[in-house]
Amino acid sequence: MGIEVQVEGLTKSFGKQQIWQDVSLTLPAGEVSVMLGPSGTGKTVFLKSLIGLLKPDRGRVLVDGVDMARSPERDIMEARKLFGLMFQDGALFGSMNLFDNIAFPLREHTKKKESEIRRIVMERIDVVGLLGAEGKLPGEISGGMRKRAGLARALVLDPQIILCDEPDSGLDPVRTAFISQLLIDLNTQIDATMLIVTHNLDIAATVPDNMGMLYLHNLVTFGPREVLLTSEEPVVRQFLTADVVGPIGMSEEKDAVTLAAEASGAGASGSGSAASAPRELVPQLQPSPGLGERAAVARRRERVLRLLPTLPESAQRAIRATHGVSPTVVMPRVGGAG
């Protein structure tokens, strides 16, 4: 099973530019989580901070007892082996064929024999649906295939935590759907903790168990998918409905005057009415036939039902509907006895 990742009070700046501040959340073990946010909100910086590639100004990231920011470098390097990272562009070596690209971490970080490396690499190539393409160079294949090759490379060291940076970037809707299904199937097969950074609403609505959103240097929310997908928070609603009316502007947040003008004219504009219509809560993707149920499903159900009394009413209704729970059922208190 995957490993829980605890983020406590994480703050990061580059010079005078603050990226985000006081971010705290927990990625539940073995579950799939998504981090949303407009472009430029520091989602990729957040991923790199989780794995210890960037050091935060304050706060810590705890992975299996190791603080990825401040533990001894030897311990951080060891903990980093628990991660698999799928980069936005695949980050493949252009002069190597796919087989050698995917084998690279095994050759670099293990002492396995070439016969064992070949077995592992071909297994991962099969998992991501690239059998027959292992001899091709990255420049000879499509963007979607490069992403799948990058995912295969992230899997060769049997990670317990998988970080995916914009897996849909540059893909058409059909290939984005394939990637979404692949991520769910992968979680079913290896039960790893997964965090996907994206601004793709279809991935966000159908793939994760949990969702968060970064905006204006802060974590707006993080929790069960139903919380964000039913949120009344203006910035969340605007993002999920892809509306021009709301606090998110073209390059930065809108000022108070602009927001007031939008609010006064909302009743008369088509955009305003769109902003009031929430995105439909669609069912979560299921594993492909023959794979069985994700182990995370039962764990998540138990965890979310314990959280139920603490969640907004709209999220409670959605969770009860998802799990077939009667509103009259009294849920146990979080951490409560009896």
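Two strands count as paired if DSSP finds at least two bridges between them. By that rule, β6 pairs with β7 in this predicted model, and Leu85 has Leu163 of β7 as its bridge partner. The chain holds 13 helices and 10 strands. Two open sheets are described here, one of 6 strands and one of 4 strands.

**Chain overview**

- The chain has 338 residues, and 49% of them are buried.
- Among contacts with a separation of 6 or more, 66% join residues 24 or more positions apart.
- About 16100 Å² of the chain is exposed. Carbon and sulfur atoms supply 54% of that area.

**The sheet of 6 strands**

- The strand order is β6-β7-β8-β3-β9-β10. The sheet is open, and its pairing is mixed.
- β6 (83-86) and β10 (218-224) are the edge strands. Each has a single partner strand, so one side of each lacks a neighbour in the sheet.
- Neighbouring strands here are turned by 15° against each other on average, direction ignored.
- At the β6 edge, the partner is β7, residues 161-165. The two run in the parallel sense and share 4 bridges.
- Leu85 and Leu163 form one bridge pair, with Leu163 on the β7 side.

**The sheet of 4 strands**

- This open sheet has the order β2-β1-β4-β5. Its pairing is antiparallel.
- β2 (17-27) and β5 (66-67) stand at the edges. Each is left without a neighbour on one side, because each has a single partner strand.
- β5 pairs with β4, residues 58-63, in the antiparallel sense over 2 bridges.
- Within this sheet, Val63 stands opposite Val66 of β5.
- Helix α1, residues 43-50, packs on the sheet. The helix touches β1 (5-14), β2 and β4. The direction of α1 makes about 55° with that of β2.

**Helix α13**

- Helix α13 spans residues 313-323.
- Its buried residues are Ala315, Gln316, Ala318, Ile319, Arg320 and His323. Arg320 and His323 are thus listed as buried alongside Ala315, Ala318 and Ile319.
- These buried residues pack against two helices, α8 (225-229) and α12 (295-307).
- Gly324 follows α13 and has a positive phi, near 65°.

Note on methods. Residues are numbered from 1 along each chain as its sequence is written. This is a predicted model: local features need pLDDT of at least 70, side-chain atom pairs count only at pLDDT 80 or more; totals for chains, interfaces and linings use all residues. Side-chain values use heavy atoms; hydrogens and water are left out. Axes are lines fitted to C-alpha atoms, for helices over the stretch in contact, and angles run from 0 to 180 degrees between N-to-C directions. Contact means heavy atoms within 4.5 Å. Buried means under 20% relative accessible area, exposed over 50%, partly exposed in between (1.4 Å probe, protein chains only). Accessible areas come from the Shrake-Rupley method with a 1.4 Å probe; for residues, only the protein chains shown count as cover.
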